[in-house]
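Let's take a friendly walk through a protein model together. Keep the sequence and the 3D view side by side while you read.

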Amino acid sequence: MSDEFRSAVEELAAEYNRQAVHLREAYGKLTTLSAVGKSDDGMVTVTVGPRGQVRDIVLNPRVYRKLSPSELSQSIMKQISVATSEVAERTKELMGPFVPEGLPYEDIFGDGAGLEAFLPQPVEFPPDGPAGPGERG
């Protein structure tokens, strides 16, 4: 292996290691994210976790006298939405630098996102199979 090639490989490995450290740090922060949505009147407070899962709902005892059941439901849903949006924005801030150029962030972390965004497309060979060395396909 030439010195120039070895140097290039070592530089790539060092960059990979730096990025891996930054990604682990970001992932650590990502797993601890939470956000709180609190209604303007203070009657409803909702806490959501890193993936938007509801962790806590706190209702002011007076809420039952002040809001109808449908209003209470709407208020809870609104605060879940507020808190979930905040977690999503903070997730984007943390993970945005790691998203490959040209790949929309929403494809990875948006609604309906899945592992497919990270996976390469399958390689398709002709029906006879791949051509071997010296063969024409």
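This report goes from the overall layout to the core, the helix packing, the salt bridges and a few single residues.

## The overall layout

Keep in mind from the start that this is a predicted model. The protein chain contains four helices and three strands. If you follow the sequence from its beginning, these elements come in the pattern α-β-β-β-α-α-α. The chain has 137 residues, and 23% of them are buried. Now look at the contacts in the chain with a separation of 6 or more: residues 24 or more positions apart account for 41% of these.

## The nonpolar core

Which residues touch the most other members of the largest nonpolar core? They are Val 44, Val 48, Val 63, Leu 72 and Met 95, in a core of 19 residues. Helix H1 (3-31), strand S2 (44-48) and helix H3 (69-95) are the elements that each give two or more residues to this core. Helix H3 makes the most generous gift, with seven residues.

## How H1 and H3 pack

Two packed helices can be described by the angle between their axes together with the distance between those axes. For H1 and H3, the angle is about 170 degrees and the axes are 9 Å apart. An angle over 145 degrees counts as roughly antiparallel, so H1 is roughly antiparallel to H3.

Where do the two helices meet? On the H1 side, look for Leu 23, Ala 26, Lys 29 and Leu 30; on the H3 side, look for Thr 91, Leu 94 and Met 95. Sorted by character, the residues of this contact are five nonpolar, one polar and one charged. Met 95 has already appeared above, among the residues that touch the most other members of the largest core.

## Salt bridges

How many salt bridges does the structure hold? There are four, and the table shows some of them.

| Salt bridge | Closest N to O distance |
|---|---|
| Glu 15 with Arg 18 | 2.7 Å |
| Glu 86 with Arg 90 | 3.0 Å |
| Lys 66 with Asp 41 | 3.7 Å |

Begin with Glu 15 and Arg 18. They are three residues apart in helix H1, which means that about one helical turn separates them. Glu 15 is partly exposed, because its relative accessibility is 33%. Arg 18 is also partly exposed, at 44% relative accessibility.

Next, find Glu 86 and Arg 90 in helix H3. Here the partners are four residues apart, so they are separated by about one helical turn. Glu 86 has 35% relative accessibility and counts as partly exposed. Arg 90, at 28%, counts as partly exposed too.

The salt bridge between Lys 66 and Asp 41 links distant parts of the chain, with its partners 25 residues apart. Lys 66 sits in helix H2 (residues 63-66), whereas Asp 41 sits in the loop between strand S1 (35-38) and S2. Asp 41 is partly exposed, with a relative accessible area of 33%.

## Three residues to visit

Our first stop is Ser 34, in the loop between H1 and S1. Is Ser 34 buried or partly exposed? Its relative accessibility is 30%, so Ser 34 counts as partly exposed. Setting aside neighbours within four places in sequence, Ser 34 is in contact with Thr 47, Val 48, Gly 49, Val 87 and Arg 90. One of these, Arg 90, is the salt-bridge partner of Glu 86. Ser 34 and Thr 84 lie 50 residues apart in sequence, while their C-alpha atoms are 8.6 Å apart in space.

Our next stop is Thr 45, in strand S2. Buried means under 20% relative accessible area, so Thr 45, at 18%, counts as buried. What does Thr 45 contact beyond its neighbours within four places in sequence? The answer is Val 36, Gly 37, Lys 38, Asp 56, Ile 57 and Val 58.

Our last stop is Ile 80, in helix H3. Ile 80 is buried, because its relative accessible area is 18%. With neighbours within four places left aside, Ile 80 is in contact with Val 46, Val 48 and Val 54. Ile 80 and Asp 56 are 24 residues apart along the chain, and 10.0 Å separates their C-alpha atoms.

Technical notes:
Residues numbered from 1 in each chain as written. Predicted model: local features only at pLDDT ≥ 70, side-chain atom pairs only at ≥ 80, totals over all residues. Heavy atoms only, no water. Core = buried A, V, L, I, M, F, W, Y, C linked by side-chain atoms within 4.5 Å. Buried < 20%, exposed > 50% of the residue type's maximum accessible area, 1.4 Å probe, protein only. Salt bridge = Lys/Arg side-chain N within 4 Å of Asp/Glu carboxyl O. Axes fitted to C-alpha atoms, helices over the stretch in contact; angles between N-to-C directions. Parallel < 35°, antiparallel > 145°, perpendicular 65-115°, else oblique. Contact = heavy atoms within 4.5 Å. Nonpolar A, V, L, I, M, F, W, Y, C, P; charged D, E, K, R; others polar.
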